[in-house]
Amino acid sequence: MEKLLKISRIIDAFTERVGRYTSWLVLVMVIVGVWNVVGRYLGRISGNNLTSNAYIEAQWYIFDVIFFLGAAYTLKHNEHVRVDIFYSNWQRRRKAIADFLGTIFFLIPFSIIVIFVSWDTIVASWQIGELSPDPGGLPRYPIKAMIIVGFVLLIIQGISQAIKNLAIIQGRLEPQEENHDTGL
């Protein structure tokens, strides 16, 4: 179990770094969004087109990247939305059992299915160099690849979560040890 917990800590540290770096994209997205609004109004006043479909799509793409790369980080910090009518009152061991079973029977299989189902579409998009249908839009194939990247990261973090929950179930990990934070 100690080797598995070491693997879990490595995965957690990696996920933490990805999440921290990804969080900076929120600022980039906001800046692009502000420019889209300000540029539209300044463009009307000046009679020049100061924004384009590329800027609008860039804002969408950045949001997509934040979503896909941030999902594993959110899982690591147990911040996904859950309906916890019963869960919130359970003891930590019972929560660990529910989380372990949910990860093994739902999260990981669902993530694998998403990757499997989307694989051919993403490969075809890369093969044809799929572009946005909008004039001046961005290529679509790189952002579609983020589907696979995001769900692979989710599977990897799911494995870490399963390891930690198994250790809690076996009494080899205290709940406060589970949420070790690598800090900024």
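Biologist: Which residues do ring pairs link into a cluster in this model?

Modeller: In this predicted model, ring pairs link F67, F68, F110 and F151 into a cluster, and a search of the whole structure finds 4 aromatic pairs.

Biologist: What makes F67 and F68 an aromatic pair, and why is the pair called edge-to-face?

Modeller: The ring centres of F67 and F68 lie 5.5 Å apart, and a pair needs centres within 6.5 Å, so the two rings count as paired. Their planes stand at 75° to each other, and because an angle over 60 degrees is the mark of an edge-to-face pair, that is the name used here.

Biologist: Why are F67 and F68 classed as buried or exposed?

Modeller: F67 has a relative accessibility of 53% and therefore counts as exposed, since the class begins over 50%. F68, at 15%, counts as buried, because that class takes values under 20%.

Biologist: How do you know that F110 and F151 form a pair, and what does the pair tie together?

Modeller: F110 and F151 are 6.2 Å apart, centre to centre, with 65° between the planes; the distance is within 6.5 Å and the angle over 60 degrees, so this pair too is edge-to-face. Because F110 lies in helix α3 (residues 92-128) and F151 in helix α4, the pair ties together parts that are 41 residues apart in sequence. F151 has a relative accessible area of 15% and is therefore buried, the limit being under 20%.

Biologist: Which residues line the second largest pocket, and what makes its lining uncharged?

Modeller: The lining consists of F63, I66, F67, F68, G70, A71, T74, H80, G150, F151 and L154, around a pocket with a volume of about 200 Å³. By class there are 7 nonpolar, 4 polar and no charged residues, and because Asp, Glu, Lys and Arg are the residues that count as charged, His and Gly fall among the polar ones. Helices α2 (53-76) and α4 (141-169) each supply at least two lining residues, with the largest share, 7 residues, coming from α2.

Biologist: Why is G136 called exposed, and which residues is G136 in contact with, leaving aside its neighbours within four places in sequence?

Modeller: G136, found in the loop between α3 and α4, has a relative accessible area of 55% and is therefore exposed, the class being over 50%. Apart from neighbours within four places in sequence, G136 is in contact with N53 and A54. G136 and N53 are 83 residues apart in sequence, yet their C-alpha atoms are 5.7 Å apart in space.

Note on methods:
Residues are numbered from 1 along each chain as its sequence is written. This is a predicted model: local features need pLDDT of at least 70, side-chain atom pairs count only at pLDDT 80 or more; totals for chains, interfaces and linings use all residues. Side-chain values use heavy atoms; hydrogens and water are left out. On a 1 Å grid over the protein atoms alone, a cavity is a set of points where a 1.4 Å probe fits but cannot get out, and a pocket is an open set with protein on both sides within 12 Å along at least five of seven lines; lining residues have an atom within 4 Å of a point. Grid points are joined across faces, edges and corners, and a volume is the space filled by probe spheres set on the points. Helices (H or I, at least four residues) and strands (E, at least two) are DSSP runs, numbered from the N terminus. Rings of Phe, Tyr and Trp (its six-membered ring) pair if their centres lie within 6.5 Å; planes under 30 degrees apart count as stacked, over 60 as edge-to-face and the rest as tilted. Buried means under 20% relative accessible area, exposed over 50%, partly exposed in between (1.4 Å probe, protein chains only). Contact means heavy atoms within 4.5 Å.
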